[in-house]
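Let's take a walk through this structure together. Have the coordinates open and follow along.

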Amino acid sequence: MKLKEQLELYFVMGSVNCDRDPREVLTEALEGGVTMFQFREKGEPCLEGEAKLELAKDLQKICQQFSVPFIVNDDVELALLLNADGVHVGQEDDDIEEVRRRIGTKLLGVSAHNVEEAKRAIALGADYLGVGPMFLTTTKADIRKVEGPNVLKKIRTAGITIPLVGIGGIKLNNASEVIQAGADGIAVISAISRVPGTARKMSNLLRARHDPEFVE
Ligand code: TZP
């Protein structure tokens with residue numbers, strides 16, 4: 001499957017984002033049609049050390065059962081240890097060039113908030129970009145200003161063709177707007193982690209977009 005297709009419904013999650021066992025949450029999300037998963041064990045009170053490692057291993061195993069890529073947020077050591085499919089870093093995280101060097105040909109995702117950051121991330125080796133926040137969200141405390149889906153349009157207008165996902169405050173009722181603005185997919189935390197059934201609804205919505213014959 002091409003990367004753009006794999007990014008269609010990108011579920012991002014850590015234990016802090018779940019009201020029940022993250023293994024259950026991930027399994028249900030994958031059954032619902034999630035196409036890529038990012039383990040993002042951040043925020044209070046996130047797991048560390050052995051407990052983080054154990055959860056990561058379990059979640060990776062679940063992804064493997066569904067043949068869905070397992071990406072690690074901002075922890076190159078862990079990604080290498082588990083032989084994860086890739087790493088995602090933000091602008092404030094590790095040096096992008098250094099991450100690319102360390103992970104070789106594994107997938108590298110980078111968060112970008114504007115055209116300049118997007119261009120730089122690509123020059124330093126990003127395979128795809130996470131662009132946001134699209135809408136207001138309470139999931140991440142230190143978010144940048146909400147630019148809305150328009151920033152995706154600006155990035156596409158600047159001639160950037162690599163895979164893009166929108167992130168931040170994406171729910172069922174605004175997901176289409178993000179795709180229409182030029183994203184290949186949507187990256188979602190709380191709408192999926194906290195609301196059972198949303199992954200399937202989002203997946204159906206995205207599928208119907210390129211398959212007019214598709215019926216739920
Ligand atoms: N980066 C920008 S916004 C955000 C991240 C990780 C949080 C997205 O969470 P939600 O619950 O989908 O709004």
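**From a buried residue to the barrel**

Phe 39 counts as buried because its relative accessibility is 1%, and the cut-off for that word is under 20%. The model is a predicted one, so please read every value here as computed from predicted coordinates. Phe 39 lies in strand β2. Leaving aside residues up to four places away in sequence, Phe 39 touches Met 13, Lys 52, Leu 55, Ala 56, Leu 59, Phe 70, Ile 71, Val 72, Asn 73 and Leu 78.

Now zoom out to the strands. β2 (residues 36-39) runs parallel to β3 (residues 70-73), and 3 bridges join them. Phe 37, for instance, has Phe 70 as its bridge partner in β3. In the wider picture, 8 strands close into a barrel in the order β1-β2-β3-β4-β5-β6-β7-β8, with parallel pairing. On average, neighbouring strands of this sheet are turned by 25 degrees against each other, direction ignored. Helix α5 (residues 96-103) packs on the sheet, where it touches β4 (86-89) and β5 (107-112), and its direction makes about 165 degrees with that of β5. Helix α6 (residues 115-123) lies across β5 and β6 (128-131), at about 160 degrees to β5.

Back to Phe 39: the unreviewed UniProt entry places a "binding site" feature at Gln 38, Phe 39, Arg 40, Glu 41, Lys 42, Asn 73, Ser 111 and Lys 140. From this set, Gln 38, Arg 40, Lys 42, Asn 73, Ser 111 and Lys 140 belong to the lining of the largest pocket.

And Glu 41? Is Glu 41 buried or exposed? With a relative accessible area of 7%, Glu 41 is buried. Glu 41 sits in the loop between β2 and α3 (49-65), and its side chain makes a polar contact with the side chain of Ser 15 (2.5 Å).

Conventions. Residues are numbered from 1 along each chain as its sequence is written. This is a predicted model: local features need pLDDT of at least 70, side-chain atom pairs count only at pLDDT 80 or more; totals for chains, interfaces and linings use all residues. Side-chain values use heavy atoms; hydrogens and water are left out. Two strands pair if DSSP finds at least two bridges between them. Helices (H or I, at least four residues) and strands (E, at least two) are DSSP runs, numbered from the N terminus. Axes are lines fitted to C-alpha atoms, for helices over the stretch in contact, and angles run from 0 to 180 degrees between N-to-C directions. Contact means heavy atoms within 4.5 Å. UniProt positions are given in the numbering used here, feature names are shortened, and annotations may be inferred rather than shown by experiment. On a 1 Å grid over the protein atoms alone, a cavity is a set of points where a 1.4 Å probe fits but cannot get out, and a pocket is an open set with protein on both sides within 12 Å along at least five of seven lines; lining residues have an atom within 4 Å of a point. Buried means under 20% relative accessible area, exposed over 50%, partly exposed in between (1.4 Å probe, protein chains only). A polar contact is a pair of N or O atoms within 3.5 Å; within protein, one must be able to donate a hydrogen and the other to accept it, and residues adjacent in sequence count only if both atoms are side-chain atoms.
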